[in-house]
Amino acid sequence: MAGTSDKSHTEFVKDDHTVDAPTSSHDLLLGSFDPSKLHPMAGIEDKLDYLLLDDEKTSDLPGAGTAIPSRGWSDDLCYGTGTMYLSGLALGGVWGLREGARKPLAVSNARLRINSILNSITRRGTFIGNSAGCLALVYNAFNSSIDHFRGQHDTYGSMAAGALTGALYKSTAGVKPALTAATVIAGCAGAWSWIKRKI
């Protein structure tokens, strides 16, 4: 016929390895899925870099081999910021607990006392936690940059990063508060760097 085109014949063949595959979520949940097949399907093998810390994956910067191993600037940035944030939350929570428990109330009531304590904990905990997390973020960025440009990691670089962080943190308050904050944070950074080397 004039207006028809040839249609090819296609035959679908079912593979043998898909015969035992679950056909519905009900079959999957009832156990027809073998959990031992998860590893080959995921193709993970030995690529879990953040779970396995091998010597060849750590930072090769001179002086970086301390008691706490590091994979580089991103590792320090994530762990340092998270640790300082959680520590700040805990410290601020204790401060808020003490403040809320000592705060005088117009009416002596257990519910009002608990409410006062919780309000103080959330106010102080978030303030200290956020401040500590931001300081750690800026400090680790400065520290990694200084280490990269100097080509080594040591206490002096950590103290310089701490001084820059403190000066930037209090820069809007004036010269004297900025110098005070730079001195305090540089001292803390130097002490932490020295402790890491001595452990």
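**Reading helix contacts in a predicted model**

Tutor: Setting aside residues up to four places away in sequence, G80 touches D75, A136 and N140. Please keep in mind that this is a predicted model.

Student: In which helix is G80 placed?

Tutor: G80 belongs to helix α3, which covers residues 73-102.

Student: How far apart are G80 and L135 in sequence and in space?

Tutor: One should keep the two kinds of distance separate. Along the sequence, 55 residues separate G80 from L135, while their C-alpha atoms are 9.9 Å apart in space.

Student: How should I read the crossing of α4 and α5, and at what angle do their axes cross?

Tutor: One looks at the angle between the two axes. Helix α4 (residues 110-150) and helix α5 (residues 155-169) have axes that come within 8 Å and cross at roughly 135 degrees. An angle between 115 and 145 degrees counts as oblique, and therefore α4 is oblique to α5.

Student: Is that crossing left-handed or right-handed?

Tutor: The crossing of α4 past α5 is right-handed. Residues of α4 in the contact include L135, Y139 and F142, and those of α5 include A161, L164 and L168.

Student: How many residues of each class does the contact of α4 with α5 have?

Tutor: The contact of α4 with α5 has 11 nonpolar residues, six polar residues and one charged residue.

Student: Finally, how should I read the aromatic rings, and how many aromatic pairs does the structure hold?

Tutor: One considers ring with ring, and then charge with ring. The structure holds zero aromatic pairs. The ring of W95, however, has the charged end of R124 sitting over it, 4.4 Å from the ring centre.

Key
Residues are numbered from 1 along each chain as its sequence is written. This is a predicted model: local features need pLDDT of at least 70, side-chain atom pairs count only at pLDDT 80 or more; totals for chains, interfaces and linings use all residues. Side-chain values use heavy atoms; hydrogens and water are left out. Rings of Phe, Tyr and Trp (its six-membered ring) pair if their centres lie within 6.5 Å; planes under 30 degrees apart count as stacked, over 60 as edge-to-face and the rest as tilted. A charge sits over a ring if NZ of Lys or CZ of Arg is within 6 Å of the ring centre and within 35 degrees of the ring normal. Axes are lines fitted to C-alpha atoms, for helices over the stretch in contact, and angles run from 0 to 180 degrees between N-to-C directions. Helices (H or I, at least four residues) and strands (E, at least two) are DSSP runs, numbered from the N terminus. Angles under 35 degrees count as roughly parallel, over 145 as roughly antiparallel, 65 to 115 as roughly perpendicular and the rest as oblique. A crossing is left-handed if the near helix is turned anticlockwise from the far one by less than a right angle, and right-handed if clockwise. Contact means heavy atoms within 4.5 Å. Ala, Val, Leu, Ile, Met, Phe, Trp, Tyr, Cys and Pro count as nonpolar, Asp, Glu, Lys and Arg as charged, and the others, Gly among them, as polar.
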